[in-house]
Amino acid sequence: TVSYTGAQDDLPALLDLARAQFAADGIRADRALVVPGALDGVERVLGAHLRPGDRVAVEDPGFARSFDLISALGLIALPMAVDDEGPAPDALDAALADGAAAVLLTPRAQNPTGAVLSAARARALRRLLAPHPDVLVIEDDHAGPIAGATVATVTDASRPRWAVVRSVAKSLGPDLRVAVLTGDLTTMDRVEGRLR
């Protein structure tokens, strides 16, 4: 059984696998946590950093449950147009100019378009985010290793606030409602504290 009390000593194999997969994709994963599903992980990261009224740049079109979550948390969604390579740079630039405190994006298997963030687009988005170190970046890689595409990431270890969440429900079994999360140390500390 999986316990969400913050005691993760009984899950070393899953956490080792998660850290290895993140590392293989160029995502620094000094720590990883198990959370009850990808959307739960996104909620915990948003709740760890944002307050009602904060603005979140989200893909448009995007995952309807993400919009519902943002609304339920009292946050304001700022739409970012999406094409086959992911969020459009000009849309992210506009959201940042409009005061986005966070960016939520899907690097591959984007719902509903199926878009995959290209390496070139990831670099362009990273350049736009560089002058905004306080903006929280969350990548919802819900499909993970079964997405059928190599992942390109906008995060890097130099960002002060970031997280990547991956569901294992799709790759290991749809009834698990389990995801793994990595991110900067402050984010990980806050999420782990909330899990307790």
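Helices H2 and H3 make a good starting point in this predicted model. H2 covers residues 38-49 and H3 covers residues 64-72; their axes come within 11 Å and cross at roughly 30°. Angles under 35 degrees count as roughly parallel, and H2 and H3 are therefore roughly parallel to each other. Their crossing is right-handed. If you would like to see where these helices touch, look for Leu39, Val42, Glu43 and Leu46 on the H2 side, and for Arg65, Ser66 and Leu69 on the H3 side. Sorted by class, this contact of H2 with H3 has four nonpolar residues, one polar residue and two charged ones.

A second pair of helices can be read in the same manner. The axes of H4 (residues 89-97) and H5 come within 10 Å and cross at roughly 20°. H4 and H5 are therefore roughly parallel to each other as well, and the crossing of H4 and H5 is right-handed. Here H4 brings Pro89, Leu92, Asp93 and Leu96 to the contact, while H5 brings Arg121, Ala124, Leu125, Leu128 and Leu129. By class, the residues where H4 meets H5 divide into seven nonpolar and two charged, with no polar ones.

Now let us turn from helices to charged side chains. How many salt bridges does a search of the whole structure find? There are 12, and a few of them are worth a visit.

Begin with Arg166 and Asp25, whose side chains meet in a salt bridge at 2.6 Å, N to O. This pair links distant parts of the chain: Arg166 sits in strand E7 (residues 162-167), Asp25 sits in the loop between helix H1 (12-24) and strand E1 (33-35), and the two are 141 residues apart. Are these partners buried or exposed? Arg166 counts as buried because its relative accessibility is 3%, whereas Asp25, at 23%, counts as partly exposed.

Next comes the salt bridge between Arg108 and Asp141, with the closest N and O atoms 2.9 Å apart. Arg108 is found in the loop between strand E5 (100-105) and helix H5 (119-129), and Asp141 in the loop between strand E6 (136-140) and E7; this pair, too, links distant parts of the chain, 33 residues apart. Arg108 has 4% relative accessibility and so counts as buried. Asp141 is also buried, with a relative accessible area of 1%. Which residues do these bridges bring together? Asp25, Arg108, Asp141 and Arg166 are linked in a network of salt bridges.

Another salt bridge joins Asp189 to Arg31, and its closest N and O atoms are 2.6 Å apart. Because Asp189 lies in helix H7 (residues 185-195) and Arg31 in the loop between H1 and E1, the pair ties together parts that are 158 residues apart in sequence. Asp189 counts as partly exposed at 45% relative accessibility, and Arg31 counts as partly exposed at 24%.

Our last stop is Gln21, which has its place in helix H1. With a relative accessible area of 28%, Gln21 is partly exposed. What does Gln21 contact, leaving aside its neighbours within four places in sequence? The contacts are Pro145 and Arg166, and Arg166 is the residue already met as the salt-bridge partner of Asp25. The C-alpha atoms of Gln21 and Gly144 are separated by 9.2 Å, although these residues are 123 residues apart along the chain.

Conventions: Residues are numbered from 1 along each chain as its sequence is written. This is a predicted model: local features need pLDDT of at least 70, side-chain atom pairs count only at pLDDT 80 or more; totals for chains, interfaces and linings use all residues. Side-chain values use heavy atoms; hydrogens and water are left out. Axes are lines fitted to C-alpha atoms, for helices over the stretch in contact, and angles run from 0 to 180 degrees between N-to-C directions. Helices (H or I, at least four residues) and strands (E, at least two) are DSSP runs, numbered from the N terminus. Angles under 35 degrees count as roughly parallel, over 145 as roughly antiparallel, 65 to 115 as roughly perpendicular and the rest as oblique. A crossing is left-handed if the near helix is turned anticlockwise from the far one by less than a right angle, and right-handed if clockwise. Contact means heavy atoms within 4.5 Å. Ala, Val, Leu, Ile, Met, Phe, Trp, Tyr, Cys and Pro count as nonpolar, Asp, Glu, Lys and Arg as charged, and the others, Gly among them, as polar. A salt bridge is a side-chain nitrogen of Lys or Arg within 4 Å of a carboxyl oxygen of Asp or Glu. Buried means under 20% relative accessible area, exposed over 50%, partly exposed in between (1.4 Å probe, protein chains only).
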